Every structure is written in structure tokens, then in C-alpha cells.
Amino acid sequence: GGKYDAFEGGVRVNAFASGGFLPEKVRGTKLDEMIHVADWYGTFCKMAGVDPFDQWAADSGLPPVDSEDVWPLLSGQVATSPRETILVNKDLLIHKTWKYIPGGSHLAGNARGGPAYPNATTEA
């Protein structure tokens, strides 16, 4: 799959962390755990000693911040991510190793995807 679709190419992406703050034991290692981009907020708040709670949002009736502290995972303190579920969009929910896609969902959203482009006969 590619960008804008529900297959792995549109959902699972590469990321890396580097720098002297990472413990030696995790430098150069690979993780295959679930982390959402929103989890950086909770992680950085925890590292900075800041409460991630948003009082203005709560007073406005908005849901609480959905962000996990993933530093224990990144630093090698634990082997599993605290994040178990990601709602990608209205047609795609990922829970642990499972994906739920309701029947009738349109899986590929890339305008250039499909049998016509790109394929083996497409000129470069």
C-alpha cells in the first residue's frame, strides 16, 4: 500500500530517535511497537515535568488529550508500548495487531493508485 490507503504503506511509517539522551543500550536498536504521533506530546511533557492536562479544552467540553508517555519504551525500560489502539479514520481502527475495516470501506485513497498507475508499463 501507499500513501492515503489503509494498508501498511499508508499507516506504518519509519521513525527514528537519536542523540546523547538515549541510553547506550538502545542506540542502534529497532522497535516494532505502536506509537502515534500524538504520543510525542505526552512524552515531552513528562520529560519536561509539565502536566499534559489542558484545562481550557476540558472547560470547553473537549475530550482529554490522547497522548501516551512512550519514553519508557524508547529508553528500553519496558518492551511494549502503552499505546494499544489507534483510530486512523472513520473506516480504520488498529488495535494491537488487528485492523478493523468495516465492510464497504474504500481502502485506497491515492488518486494515482490502482491498476493504471504506477505499474510495470508506466514510463519513468
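Let's start in the middle of things: Leu93 stands opposite Tyr100 in β3. Before following that pair, a word on the ground rules. This is a predicted model, in which local features need pLDDT of at least 70 and side-chain atom pairs count only at pLDDT 80 or more, while totals for chains, interfaces and linings use all residues. Residues are numbered from 1 along each chain as its sequence is written, and side-chain values use heavy atoms, with hydrogens and water left out.

Now for the overall plan. The protein has four helices and three strands. Walk along the sequence and you meet them as α-α-α-α-β-β-β. Both kinds of element are DSSP runs numbered from the N terminus: helices are H or I with at least four residues, and strands are E with at least two.

How much of the chain is tucked away? Of the 124 residues, 18% count as buried. Here, buried means under 20% relative accessible area, exposed means over 50%, and partly exposed is in between (1.4 Å probe, protein chains only). The protein exposes about 9600 Å², with carbon and sulfur atoms supplying 58% of it. Those areas come from the Shrake-Rupley method with a 1.4 Å probe, and for residues only the protein chains shown count as cover. What about contacts, meaning heavy atoms within 4.5 Å? Among those with a separation of 6 or more, 57% are between residues 24 or more positions apart.

Back to the strands. They form an open sheet in the order β1-β2-β3, and the pairing is antiparallel. The edge strands are β1 and β3, since each pairs on one side only. From one strand to the next, the twist averages 20°. For the record, axes are lines fitted to C-alpha atoms (for helices over the stretch in contact), and angles run from 0 to 180 degrees between N-to-C directions. Two strands count as paired if DSSP finds at least two bridges between them. In general, strands of a sheet pair through backbone hydrogen bonds, either parallel or antiparallel.

Take the neighbours one by one. Strand β1 (residues 85-89) is joined to β2 by four bridges, and the two make a hairpin with two residues between them. Across this pairing, Leu87 stands opposite Leu93. Three bridges then link β2 to β3 (residues 98-100), where His95 has Trp98 as its bridge partner. Strands β2 and β3 form a hairpin too, with two residues between them. Lys96 sits in that loop, and its phi is near 55°, a positive value in a residue other than glycine. As background, most residues other than glycine have a negative phi.

Which way do the side chains of β2 point? Along this strand (residues 92-95) they alternate: Leu92 and Ile94 point to one face and are buried, while Leu93 and His95 point to the other and are not. That fits a general pattern, as in a regular strand the side chains alternate between the two faces of the sheet.

Next, look at helix α2 (residues 39-48), where Asp39, Gly42, Thr43 and Cys45 are buried. They cover an arc of only 165° around the axis, so they are on the same side of α2. The arc is that of the directions from the helix axis to the C-beta atoms. And what do these buried residues pack against? Their partner is α4. Phe44 also lies in α2, but Phe44 is partly exposed, with a relative accessible area of 49%. Phe44 and Glu68 are 24 residues apart in sequence and 10.0 Å apart in space, C-alpha to C-alpha. Just after the helix, Gly49 takes a positive phi of about 75°.

Finally, find Ser67 in the loop between α3 (55-59) and α4 (71-74). Ser67 is buried, because its relative accessible area is 19%. Its side chain reaches the backbone oxygen of Ala38 at 2.4 Å and the backbone nitrogen of Gly42 at 2.6 Å. Leaving aside residues up to four places away in sequence, Ser67 touches Ala38, Asp39, Trp40, Tyr41, Gly42 and Arg83.

Technical notes:
Contact = heavy atoms within 4.5 Å. Polar contact = N/O pair within 3.5 Å; in protein donor to acceptor, adjacent residues only side chain to side chain.
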